[in-house]
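Welcome! Take a moment to look over the chain before you start, and keep the view open as you work through the exercises.

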Amino acid sequence: MNVFDWLSNMDMPAVDKFNIAEIRFKNGRKEFFRNTDNLNLTTGDAVIVEVPNGHHLGYVSLQGELVRLQMQKKKVANDGEIKKIYRLAHQKDLEKFEEVKKRELPTLYRTREIVRNLKLDMKLSDIEFQADNTKATFF
């Protein structure tokens, strides 16, 4: 799911280093986050990022100048709307995230049962819990 960084072996101007990274979440969903603390990130690193009402765990999928190109391609503005990367994930964060992920499948089955019992006209395909276990998104 990672993108090959074909600019990685080229010297880039250190003055104008692009401080936004592309972060990958469950099911290949990707978003852009600002590296305001100038963390030393590597593709594949687990990071804790800012999301509405808490934080979430994702993986760095792209960084540097390729992110600038990707943002232009997807027409994403480099403005104050881009949330920040808090820090690299600790082992405790990864363990808690694994515990949270274990709840997804039983919750999916139980929610489908509720949908069926209430005869709702909807198809539930997936559930994603936020890493801090404060929010669940139903797809």
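Below are four exercises on this predicted model, each with a worked solution.

**Exercise 1. Find the order of the helices and strands along the chain.**

Step 1: Begin with the totals, which come to three helices and seven strands.
Step 2: Now walk from the N terminus, and the elements read β-β-β-β-α-β-α-α-β-β.
Step 3: For the contacts, take pairs with a separation of 6 or more; residues 24 or more positions apart account for 64% of them.

**Exercise 2. Work out which side of helix α3 is buried.**

Step 1: Locate α3 at residues 104-117, a run of 14 residues. From first C-alpha to last, α3 reaches 20 Å, close to the 20 Å expected at 1.5 Å a residue.
Step 2: Pick out the buried residues of α3, which are Glu104, Leu108, Thr111 and Val115.
Step 3: These residues lie on the same side of α3, because they cover an arc of only 70 degrees around the axis. The general rule behind this spacing is that an α-helix has 3.6 residues a turn, so residues three or four places apart point the same way.
Step 4: Turn to the face of α3 away from its buried side, and you meet the exposed residues Arg116 and Asn117.
Step 5: Look for the cover over the buried residues of α3; it includes α2 (91-102), β6 (127-129) and β7 (136-138).
Step 6: Finish just after α3, where Lys119 takes a positive phi of about 55 degrees.

**Exercise 3. Identify the largest nonpolar core and the elements that supply it.**

Step 1: Collect the ten residues of this core: Ala21, Ile23, Phe25, Phe33, Leu41, Val47, Val49, Val51, Val60 and Ile85.
Step 2: Ask which elements give two or more residues to the core; they are β1 (20-24) and β3 (46-51).
Step 3: Compare the shares, and β3 gives the largest, three residues.
Step 4: Zoom in on Ile23, leaving aside its neighbours within four places in sequence. Among the residues in contact with Ile23 are Phe33, Val47, Val49, Val60 and Ile85, as well as Arg29, Lys30 and Glu31.
Step 5: Apart from this largest core lies another, of eight residues, including Phe18, Leu66, Val67 and Ile82.

**Exercise 4. State how much of the chain is buried and what its exposed area is made of.**

Step 1: Count a residue as buried when its relative accessible area is under 20%. Buried residues then make up 32% of the 139 residues in the chain.
Step 2: The area the chain exposes is about 9,300 Å², and carbon and sulfur atoms supply 52% of it.

Terms used:
Residues numbered from 1 in each chain as written. Predicted model: local features only at pLDDT ≥ 70, side-chain atom pairs only at ≥ 80, totals over all residues. Heavy atoms only, no water. Helix = DSSP H or I, 4+ residues; strand = E, 2+ residues; numbered from the N terminus. Expected span 1.5 Å × (residues − 1). Buried < 20%, exposed > 50% of the residue type's maximum accessible area, 1.4 Å probe, protein only. Arc of directions from axis to C-beta. Contact = heavy atoms within 4.5 Å. Core = buried A, V, L, I, M, F, W, Y, C linked by side-chain atoms within 4.5 Å. Areas by Shrake-Rupley, 256 points an atom, 1.4 Å probe, with all protein chains shown as cover.
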